[in-house]
Amino acid sequence: MVHSLLGMTGADVLTIVNSAFFILGGIVVFMIGMNMLGSNIEKAAGKQMRRLMGRATKNRFVGVGTGAAITIICNSSSATTVMIVGFVNVGLMTLAQAASVIMGANIGTTISAFVMALSTVGGAQLSIAAIFAVVAFVGFVFTLVGKKDRLKQIGAILEGVGLIFIGLNVMSTAVSGMLDKENVKTAVEGMFTAIGLGKETLTWEVIVLFLMGALLTGLMQSSGALTAIVISLATPDPATGISLISLQMAMCIILGTNVGTCVTSLISSVGTSVNAKRTAMVHLLFNVAGCFIFIWPVAFAGQYIAKGLSGIDTQWQIAIFHMVFNLLTTAILLPFIKYLVKLACLIVHEKKGAEESTDAETLDVRLLKTPAIAVGQTRKQLLKMGEDAFSNYKLSLDMLLSGDLSKKEKFDETEKDINAANKYIVSFLIKLSLQEISETDEKKISSFYRVVSDIERIGDYAENIVEYAQKIVEDKVEFSEEAKEEIREMDLHISNLYRYVCDVFSGSDLRYSPDVEREEQETDRMNNIMQQSHLKRMNEGKCTPEAGALLLQLAVNMERIGDHMHNIANSVKSYGHGALIEEKAS
């Protein structure tokens with residue numbers, strides 16, 4: 001290697017430096033393209049991704065297909081596994097279901113290698129990379145002049161695709177530039193030989209290349225970027241037919257990338273639930289097991305594998321190997337999912353006395369990587385918060401009618417949970433609104449701010465009712481049977497209203513709006529009846545002033561609870577389907 005380096009001229013050194021800089025620049029362009037493509041396709045396919053995640057729970061085969069499909073959409077297996085860790089953490093997916101989706105993610109990521117191989121097609125003629133460079137320009141025009149969000153989204157997708165091919169072309173051209181210089185080529189080959197990585201024969205050097213692939217992927221946080229570099233290095237120069245690394249060396253590095261990509265999911269599992277950590281461990285165990293199975297054939301029969309793929313361009317050989325490796329690994333290990341899960345459970349122990357996260361905290365920030373699913377999960381948490389608020393309302397009314405304050409402590413704990421959920425959900429919505437989201441999801445997020453406020457106000461009115469209950473007990477105030485019947489009738493309409501509001505809000509379906517409207521009007525009517533009946537009883541001497549004052553305040557508070565429930569149903573009108581309802585001022 002020393003002789004090779006000494007034989008280089010200043011121009012040769014500059015060639016290496018320039019090529020290295022272009023390779024780094026190509027990586028940057030490639031990564032930007034990957035991110036643009038993945039985020040915008042994900043944004044456009046939000047509903048489809050929600051459906052896919054729902055199907056993943058059916059069986060392991062559907063889970064594999066779901067993982068592959070989502071990875072193709074996101075254009076990144078790392079992004080998919082981070083999502084899966086988040087889903088398990090919030091309870092959207094079991095550990096066994098997550099394992100099958102992870103296997104599918106490994107299959108889905110192999111499409112990237114075929115895209116990279118495609119970028120080399122064309123040669124001296126009009127190349128694929130040149131065509132996609134024009135595609136990037138068209139996308140740029142769409143984003144520049146497009147007025148509709150959909151058109152801008154399509155433009156961003158086209159830009160992402162184009163940048164991927166431009167980045168790959170820059171890297172490939174930089175490598176070819178080095179190979180054009182005989183002294184440079186000899187020096188690089190000498191460097192490989194010096195560290196024991198000969199192009200012709202590989203034995204223990206497989207481990208070095210494997211570890212190199214794992215380490216570089218872990219540092220770059222992208223197996224796709226390293227795969228692109230490997231394809232560039234292994235693709236022969238069109239003029240000389242010479243490459244910097246052999247197919248066998250490339251296969252070793254590709255195996256390493258499959259382990260290195262686990263770093264992202266391991267990092268994302270920090271601070272999550274035990275099952276989320278186990279999900280990341282399943283990912284690692286699956287990839288390590290697959291590499292362990294395939295590393296021996298590559299080490300001792302790599303040359304025969306290369307001969308079997310001879311006649312096909314090197315870049316396509318690498319893409320085929322990458323796909324076959326992941327397909328066979330999945331086929332071999334899929335029947336043993338439950339054992340992988342058990343092994344992950346043995347490695348990641350559940351700590352005794354560990355505190356479970358609150359319901360609101362299941363809005364894991366990892367869900368922000370999939371805004372469409374994060375919006376759906378936020379809706380679920382709002383429904384849970386609403387259920388707590390309604391439960392507290394019922395509890396407060398029970399204390400008021402029965403005079404039994406023994407459940408006051410339970411009420412106070414639920415009220416603390418409601419207040420904590422209010423703060424957490426608002427904080428999550430702020431973060432979610434900063435993501436790239438669809439127009440419909442943007443409307444939903446905007447409405448959720450009002451919904452969380454309405455739910456919190458329902459909890460506040462329930463607190464007022466508890467205060468009335470305490471005053472009744474302290475002052476020994478009694479309601480007449482007629483007053484109690486009116487309270488119960490008002491409560492019946494509020495309970496019916498709550499049920500219909502849940503129907504509207506949970507399914508974004510305003511077909512139940514007539515029921516909501518009817519029951520809300522009934523609460524208004526009962527408020528008037530309670531006030532008029534109170535005055536009548538006062539005149540007849542059937543009601544004390546103390547009881548009357550509390551009854552009037554109670555009626556107003558119950559009617560206000562109905563108003564806020566009505567507002568929650570009304571919030572759906574900006575994005576829901578069905579008949580619209582008129583907003584009620586609280």
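This section describes the helices, nonpolar cores, cavities and selected residues of a predicted model.

The protein chain comprises 586 residues, of which 51% are buried. Its secondary structure consists of 23 helices and zero strands. Among contacts in the chain with a separation of 6 or more, 78% join residues 24 or more positions apart.

Nonpolar residues were examined next. The largest nonpolar core contains 74 residues, and those with the most contacts inside it are Y393, L400, F479, I487, M558 and M565. At least two residues of this core are supplied by each of α5 (77-89), α6 (95-108), α18, α19 (408-433), α20, α21, α22 (513-540) and α23. The largest share comes from α20, which provides 13 residues of this core. Another core, of 43 residues, lies apart from the largest one and includes I157, L247, I253 and F325. In soluble globular proteins, nonpolar side chains tend to be buried together. For Y393, when its neighbours within four places in sequence are left aside, the contacts are with A462, I465, D491, I494, M558 and I561. Of these partners, M558 is itself listed with Y393 among the residues with the most contacts inside the largest core.

Helix α19 has 26 residues and spans 37 Å from its first C-alpha to its last, close to the 38 Å expected at 1.5 Å a residue. Its buried residues are F411, T414, E415, I418, A421, N422, I425, F428, L429 and L432. These buried residues pack against α18 and α20. An α-helix has 3.6 residues a turn, so residues three or four places apart point the same way. Such spacing recurs in the buried set of α19, which includes F411, T414, I418, A421, I425, F428 and L432.

Two further helices were considered for their length and burial. Helix α13 has 14 residues and reaches 20 Å from its first C-alpha to its last, close to the 20 Å expected at 1.5 Å a residue. This helix is mostly covered, with 14 of its 14 residues buried. Helix α16 (residues 314-333) has 20 residues and extends 28 Å between its first C-alpha and its last, close to the 28 Å expected at 1.5 Å a residue. In α16 the buried residues are T314, Q315, Q317, I318, A319, F321, H322, F325, N326, T329, T330 and L333. One of these, F325, belongs to the core of 43 residues, whereas H322 is found in the lining of the second largest cavity.

A search for enclosed space gave three cavities of 30 Å³ or more. The largest cavity has a volume of about 140 Å³. Of the 14 residues that line the largest cavity, G386, I455, Y498, V501 and I568 are the closest to its centre. Helices α18 (371-402), α20 (439-475), α21 (481-507) and α23 (545-570) each supply at least two residues of this lining. The greatest contribution is that of α18, with five residues. By class, the lining of the largest cavity divides into twelve nonpolar residues, one polar and one charged.

The second largest cavity has a volume of about 60 Å³. Its lining is formed by S77, N106, T109, S223, T227, T257, N258, T261 and H322. At least two of these lining residues come from each of α12 (223-234) and α13 (247-260). The lining of the second largest cavity has nine polar residues, with no nonpolar and no charged ones.

Residue H283 is found in helix α15 (residues 274-308). With a relative accessible area of 2%, H283 is buried, because that value falls under the 20% cut-off. Residues up to four places away in sequence not being counted, H283 touches T81, I102, N106, T261, C262 and S265. Among these partners, N106 and T261 also line the second largest cavity.

Two residues in loops have positive phi values. K476 has a phi near 55 degrees, a positive value in a residue other than glycine, and lies in the loop between α20 and α21. The relative accessible area of K476 is 74%, and this residue is therefore exposed. S508, also not a glycine, has a positive phi of about 50 degrees and is placed in the loop between α21 and α22. In contrast to the exposed K476, S508 is buried, with a relative accessible area of 10%.

Definitions and conventions: Residues are numbered from 1 along each chain as its sequence is written. This is a predicted model: local features need pLDDT of at least 70, side-chain atom pairs count only at pLDDT 80 or more; totals for chains, interfaces and linings use all residues. Side-chain values use heavy atoms; hydrogens and water are left out. Helices (H or I, at least four residues) and strands (E, at least two) are DSSP runs, numbered from the N terminus. Buried means under 20% relative accessible area, exposed over 50%, partly exposed in between (1.4 Å probe, protein chains only). Contact means heavy atoms within 4.5 Å. On a 1 Å grid over the protein atoms alone, a cavity is a set of points where a 1.4 Å probe fits but cannot get out, and a pocket is an open set with protein on both sides within 12 Å along at least five of seven lines; lining residues have an atom within 4 Å of a point. Grid points are joined across faces, edges and corners, and a volume is the space filled by probe spheres set on the points. Ala, Val, Leu, Ile, Met, Phe, Trp, Tyr, Cys and Pro count as nonpolar, Asp, Glu, Lys and Arg as charged, and the others, Gly among them, as polar. A nonpolar core is a set of buried Ala, Val, Leu, Ile, Met, Phe, Trp, Tyr and Cys residues joined through side-chain atoms within 4.5 Å. The expected span of a helix is 1.5 Å times one less than its number of residues.
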